[in-house]
Amino acid sequence: MDDPAFTPEIDENTQTILLHASNHNLAALKPFLRIPGNASVQDPETGFTPLHAAIAACDEEDVEEEVDMNKAIEVVKELFLSGAIWNDLDANDETPGCLAWRLGRRELYNLCVDAGVRAEMLLGLMGKYEELDSDSESDEVVAENGAAEVLVAGGGEVEVLKKDVNSEDYLASELKFEDGKLLDEDKNGVMMAWETDIMRRSVDALLSSEETSGKRILNIGFGMGIIDGMFKDTKPFSHHIVEAHPAVLKKLKEEGSGFGAKWEESAPEGGKYVVHEGRWQDVLPSLLESGETFDAIYFDTFGEDYSALKEFFSEFVPGLLEEGGKFGFFNGLGADRRVCYDVYTKVVECDLSEAGLDIEWTDVPVGKLGEEGEGEWEGVRRRYWVLDNYRLPVCTFLG
């Protein structure tokens with residue numbers, strides 16, 4: 001198109017940096033990287049950053065000569081040292097790590113993951129983890145800052161507002177119980193039936209001794225009651241459930257829920273079956289004070305970010321988990337983008353170790369789920385899971 005109004009402005013500095021990055025010309029690139037911000041410039045049309053350019057140039061289908069991967073690796077390392085952002089998105093909605101994975105360049109992909117871990121750990125030390133593309137099932141249509149995008153019409157225009165996805169809003173929202181899914185009022189999936197196999201395997205892993213009955217169990221987040229139903233079937237000695245949402249609590253009290261007054265009265269002598277109403281942050285201190293301990297603890301909340309999970313296993317699990325007991329959680333951190341899932345896997349390993357806990361992962365095939373708005377996701381705002389495998393965590397005390 002000849003109309004200059006439709007011609008993107010060409011930034012020679014940006015184009016020169018991207019050219020040197022794509023040529024893996026470290027000597028020519030380095031002087032530019034001395035200027036803050038140059039490691040993360042973006043092409044206005046493709047959205048390519050220098051990281052994208054350096055990794056895209058490793059696509060052997062698009063080049064005649066064999067790619068010198070040593071040069072590519074050195075350029076990517078230098079870009080990260082110079083402040084390149086590991087999860088910037090290009091026009092194809094790909095991070096540099098996504099691009100590296102698609103091209104089969106595992107060395108470059110691992111560099112992106114390691115950079116993401118460093119960035120998240122640093123943000124964690126400063127008291128704020130960055131909201132990645134997904135956090136368990138708690139995100140809506142997410143912008144890069146972790147906020148949901150809400151379109152509002154007004155004055156003949158459509159305005160994009162940012163709405164934080166948080167626990168307070170979730171607890172105040174209306175819930176919709178449907179066959180195979182629990183949705184909030186914005187149609188976000190709070191819990192869905194496709195998770196049943198994951199819950200089954202989690203219960204088996206947490207209660208993996210020869211005798212599964214007679215255990216003391218604590219579950220945070222009832223939701224649809226999938227995992228609590230499985231725990232109930234093992235005939236535990238004690239079964240504590242913490243649930244905060246009024247709609248779920250109302251459902252629990254209905255006749256036929258399986259977790260009402262009759263269930264509480266059926267606890268064995270000396271044991272206790274109970275639903276604690278309220279946020280776990282408010283409920284658990286009293287359990288700690290009473291000296292309650294558990295053989296199995298599971299954590300699966302909605303509307304909370306990774307910092308909440310870290311607080312839980314750092315501040316409460318050490319005092320509530322019995323020696324020899326096991327702790328698990330729904331591992332949906334970053335599960336709508338592989339690189340984010342891999343970053344959070346390493347972040348949680350580091351933080352668990354600092355809390356005195358060891359972790360073992362078991363890969364669980366998820367199987368084919370529907371595309372956006374199809375199959376399992378019909379009527380759901382967005383897919384919170386796109387991966388082929390689920391990493392099932394089981395945590396125990398170190399040593």
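**Exercise 1. Two helices that cross**

How are α6 and α14 oriented to each other: oblique or roughly parallel? Determine the orientation from the predicted model, then describe the contact.

*Solution.*
Step 1. Helix α6 covers residues 106-125 and helix α14 covers residues 338-354; their axes come within 9 Å and cross at roughly 50°.
Step 2. Angles under 35 degrees count as roughly parallel, and 65 to 115 as roughly perpendicular. The helices α6 and α14 are therefore oblique to each other.
Step 3. The crossing in which α6 passes α14 is right-handed.
Step 4. On the α6 side the contact involves Tyr109, Val113, Asp114, Gly116, Val117, Glu120 and Met121. Their partners in α14 are Arg338, Val339, Asp342, Val343, Tyr344, Lys346, Val347, Cys350 and Asp351.
Step 5. Sorted by class, the contact of α6 with α14 has 9 nonpolar, 1 polar and 6 charged residues.

**Exercise 2. A second partner of α6**

Determine the orientation of α4 and α6, and list the residues that meet.

*Solution.*
Step 1. The axes of α4 and α6 are 10 Å apart, and the packing angle is about 15°.
Step 2. Since angles under 35 degrees count as roughly parallel, α4 and α6 are roughly parallel to each other.
Step 3. The crossing of α4 and α6 is right-handed.
Step 4. From α4, the residues Met69, Ala72, Ile73, Val76, Lys77 and Phe80 take part; from α6, they are met by Glu107, Leu108, Leu111, Cys112, Ala115 and Arg118.
Step 5. By class, the contact of α4 with α6 comprises 9 nonpolar and 3 charged residues, with no polar residues.

**Exercise 3. Glutamate 78 in α4**

Locate glutamate 78 and identify its contacts beyond its neighbours within four places in sequence.

*Solution.*
Step 1. Glutamate 78 belongs to helix α4, which spans residues 69-81.
Step 2. With neighbours within four places in sequence set aside, glutamate 78 is in contact with Leu26, Lys30 and Leu33.
Step 3. Glutamate 78 and alanine 39 are separated by 39 residues in sequence, while their C-alpha atoms are 9.0 Å apart in space.

**Exercise 4. The pair α1 and α2**

Describe the crossing of α1 and α2, and then place histidine 20 and proline 31.

*Solution.*
Step 1. The axes of α1 and helix α2 (residues 26-33) come within 8 Å and cross at roughly 145°. This crossing of α1 and α2 is left-handed.
Step 2. The contact joins Asn13, Thr16, Ile17, His20 and Ala21 of α1 to Ala28, Leu29 and Phe32 of α2. In the contact of α1 with α2, 5 residues are nonpolar, 3 are polar and none is charged.
Step 3. Histidine 20 is located in helix α1, residues 12-22. Not counting residues up to four places away in sequence, histidine 20 touches Asn25, Ala28, Leu29 and Phe32.
Step 4. Buried means under 20% relative accessible area. Histidine 20 therefore counts as buried, because its relative accessibility is 16%.
Step 5. Proline 31 lies in helix α2. The relative accessible area of proline 31 is 37%, so proline 31 is partly exposed.
Step 6. Proline 31 and isoleucine 17 are 14 residues apart in sequence, and their C-alpha atoms are 9.9 Å apart in space.

**Exercise 5. Cysteines**

How many disulfides does a search of the whole structure find?

*Solution.*
Step 1. The search of the whole structure finds 0 disulfides.
Step 2. For cysteine 98, the nearest cysteine sulfur is that of cysteine 340, 7.0 Å away. A disulfide requires cysteine sulfur atoms within 2.5 Å, so this distance does not qualify.
Step 3. With a relative accessible area of 16%, cysteine 98 is buried, whereas cysteine 350, at 38%, counts as partly exposed.

**Exercise 6. A covered helix and the whole chain**

Which residues of α9 are buried, and which elements do they pack against?

*Solution.*
Step 1. Helix α9 (residues 226-233) is mostly covered, with 6 of its 8 residues buried.
Step 2. The buried residues in α9 are Ile226, Ile227, Asp228, Gly229, Met230 and Phe231.
Step 3. These buried residues pack against β5, α8, β6, β7 and β9.
Step 4. After α9 comes lysine 235, whose phi is positive, near 55°.
Step 5. For the chain overall, there are 14 helices and 12 strands, and buried residues make up 49% of the 399 residues.
Step 6. Among contacts between residues at least 6 apart in sequence, 69% join residues at least 24 apart.

Key. Residues are numbered from 1 along each chain as its sequence is written. This is a predicted model: local features need pLDDT of at least 70, side-chain atom pairs count only at pLDDT 80 or more; totals for chains, interfaces and linings use all residues. Side-chain values use heavy atoms; hydrogens and water are left out. Helices (H or I, at least four residues) and strands (E, at least two) are DSSP runs, numbered from the N terminus. Buried means under 20% relative accessible area, exposed over 50%, partly exposed in between (1.4 Å probe, protein chains only). Contact means heavy atoms within 4.5 Å. Axes are lines fitted to C-alpha atoms, for helices over the stretch in contact, and angles run from 0 to 180 degrees between N-to-C directions. Angles under 35 degrees count as roughly parallel, over 145 as roughly antiparallel, 65 to 115 as roughly perpendicular and the rest as oblique. A crossing is left-handed if the near helix is turned anticlockwise from the far one by less than a right angle, and right-handed if clockwise. Ala, Val, Leu, Ile, Met, Phe, Trp, Tyr, Cys and Pro count as nonpolar, Asp, Glu, Lys and Arg as charged, and the others, Gly among them, as polar.
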